Amino acid sequence: MYRLSDVQTHRSEKDCWIVIHGNVYNVTKFLPSHPGGKAIILRHAGTDATTAFEAVHPAELLDEYLHPEQLLGKLEPRPASENTAKKDNQNANIPEDDTPPLHTILSLAEMETLALQRLTPKAISYYTSGADDEITKAANGTIYRSILLRPRVFIDCSTCDISTTIMGNRVGLPVFVAPAALAKLAHSSGEAGIAAACSEFNALQIISKNASMSVRDIVAAGPNAVFAWQLYVLKDLTTTERALAAISKIPQIKFIVLTLDAPFPGKREADERFKAAEVAAGTAAQQVWGTEAGLTWHKTLTWLRQHTDLPVVLKGIQTYEDAALAAGHFPNVRGIVLSNHGGRALDTATTPLQVLLEMRRSVPWVFETLEVFVDGGVRRGTDVVKALALGARGVGIGRAALYGLNVAGERGVKRTLEILADETATAMRLLGVNKVDDLRLHHVNTAALNPLLYDDATLAKDGSRAKL
Ligand code: HEM
Ligand SMILES: Cc1cc2nc3c(=O)[nH]c(=O)nc-3n(C[C@H](O)[C@H](O)[C@H](O)COP(=O)(O)O)c2cc1C
């Protein structure tokens, strides 16, 4: 049993103790490998960091990342009046009463503008940043504007059904919430707020491996939502295997999404600058990455099959060759997400929409074998119908959900999904389409993008499959 005064004497980089949930931890060795940087932990060194920790992390993370010997023992209970736990106001928002009536927010762009006025500087640098010059981040969205829609007339569109299925699960709309870490930086309701909003639409939420709340709490908040769980394979495989075993006991999780486009962190300068400013005396902020960089097709997918019976979706596919490799070879792989991590990983990488078109051109058979999803830059219902017409089964939003969450918690995400659902239905009606499956290639003119597509003439001619 330790007293707080004992803990207070260990507050340096060479000797750092913190208290979380009444337990005293020696985190000295963990400091350099903390993915959020050492500075933020050092700010709480020698204190009770429970409030700060809970503001961004679920309790499970402690067992996952810290070794048993780093748990030193219990903190002597103190009367509530003496509770010195630091109140961390890093996630403080402008009070929600300042939020305009949500029905007056008409577009995702407006929601984003509002969020950017409210989010803390930390959250802005973490959420908005893209890699390097943010060329891919911007292109993900602008590329949708190069596709023109081809509406048909004299088609009865008095009804319009935007529901569909994703990996065999009925969902109320073809838009899903992509996995994004640390939703509590946007709003205290965190990923549970997103789940509750998804529940209203029977929508899919893919829960990030780096969610700020426990998966059980998230799924409990969304009784009518559909859930998948996103996986980063950690360097410590046993820890990942334990996490997969825990997930398999949560029946609401319908499939696993393995993210592949970030084997190493991208250079997100806005975020690095923020972290550097947090670090004392100009010490450079290190890039820290806890995920395994040595994943390969056979080794990793065979290993994964041994640890989960759930279908697997590969996220971060960025070429038609990899789409082809994913199809047909591994029975557990049933889907792919064309994604470049919202422009957060490799800058100037191809946009998901181009990859979708390249797949149509070079490996159209993949659409019969796998469910294909896209994410990145989706802001309008017209974006959604374009991706669907080209063969995507569903379209993900990342930042847009976090912005809605920031503006008004669950209600803000609900409004975000409502805007996209309404815009999607309007676009379908005006195109002369009354159900999702009727959106077809002839509804889009993609000619302007032809010069921007990767041209592998040989493969296109003989139609041969990419080799493993
Ligand atoms: C001591 C146990 C802790 C563990 C095991 C831990 C673990 C992690 C992990 C795995 C991430 C990665 C999330 C991502 O990349 O998206 C992360 C990020 C982060 N952690 Fe911790 N953490 C700990 C303590 C703390 C404390 C005490 C704070 C204080 C507020 C904190 C604040 C953050 C923040 C703000 C991030 C954001 C990541 C970023 O800026 O890139 N963590 N932590
Ligand atoms: C703040 C933030 C955190 C993210 N965290 C994850 C993550 O933990 N796992 C993952 O697979 N993708 C993550 N992504 C990528 C998203 O799943 C998605 O691919 C991307 O945000 C789509 O682009 P958009 O933000 O333009 O919609 C994150 C994206 C953002 C913006």
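This is a short exchange about the two ligand sites of a predicted model.

Biologist: What makes His34 and His57 donors to the iron atom of ligand 1?

Modeller: The NE2 atoms of His34 and His57 lie at 2.0 Å from the iron. The cut-off for an N, O or S donor is within 2.8 Å. Both therefore count as donors.

Biologist: Where in the chain do His34 and His57 sit?

Modeller: They are 23 residues apart and link distant parts of the chain. His34 is in the loop between strand E3 (23-26) and helix H2 (38-42). His57 is in the loop between helix H3 (50-54) and helix H4 (60-65).

Biologist: Why is the iron site of ligand 1 called octahedral?

Modeller: There are six donor atoms, with angles of 85 to 179° among them. Six donors count as octahedral if opposite donors are over 155 degrees apart and all others between 65 and 115. The site is classed as octahedral, so it meets that rule.

Biologist: Which annotation covers residues 1-76?

Modeller: UniProt, in an unreviewed entry, places "domain: Cytochrome b5 heme-binding" there. In the model, that stretch is 28% helix and 21% strand. Its end C-alpha atoms are 6 Å apart.

Biologist: What makes the approach of Ser208 to ligand 2 a polar contact?

Modeller: An oxygen atom of ligand 2 is 2.7 Å from an N or O atom in the Ser208 side chain. The limit for such a pair is within 3.5 Å, so this one qualifies. The Asp375 side chain has a pair at 2.8 Å. Gly398 offers a polar backbone atom at 2.9 Å.

Biologist: How much of ligand 2 does the protein cover?

Modeller: It covers 98% of the 600 Å² of accessible area that ligand 2 has on its own.

Technical notes
Residues are numbered from 1 along each chain as its sequence is written. Chains are lettered from A and ligands numbered from 1 in the order in which they are written. This is a predicted model: local features need pLDDT of at least 70, side-chain atom pairs count only at pLDDT 80 or more; totals for chains, interfaces and linings use all residues. Side-chain values use heavy atoms; hydrogens and water are left out. UniProt positions are given in the numbering used here, feature names are shortened, and annotations may be inferred rather than shown by experiment. Helices (H or I, at least four residues) and strands (E, at least two) are DSSP runs, numbered from the N terminus. Donors are N, O and S atoms within 2.8 Å of the metal (3.2 Å for Na, K and Ca); water is not among the atoms, so sites may look incomplete. Four donors count as tetrahedral if all angles lie between 85 and 135 degrees; four count as square planar and six as octahedral if opposite donors are over 155 degrees apart and all others between 65 and 115; anything else is irregular. A polar contact is a pair of N or O atoms within 3.5 Å; within protein, one must be able to donate a hydrogen and the other to accept it, and residues adjacent in sequence count only if both atoms are side-chain atoms. Accessible areas come from the Shrake-Rupley method with a 1.4 Å probe; for residues, only the protein chains shown count as cover.
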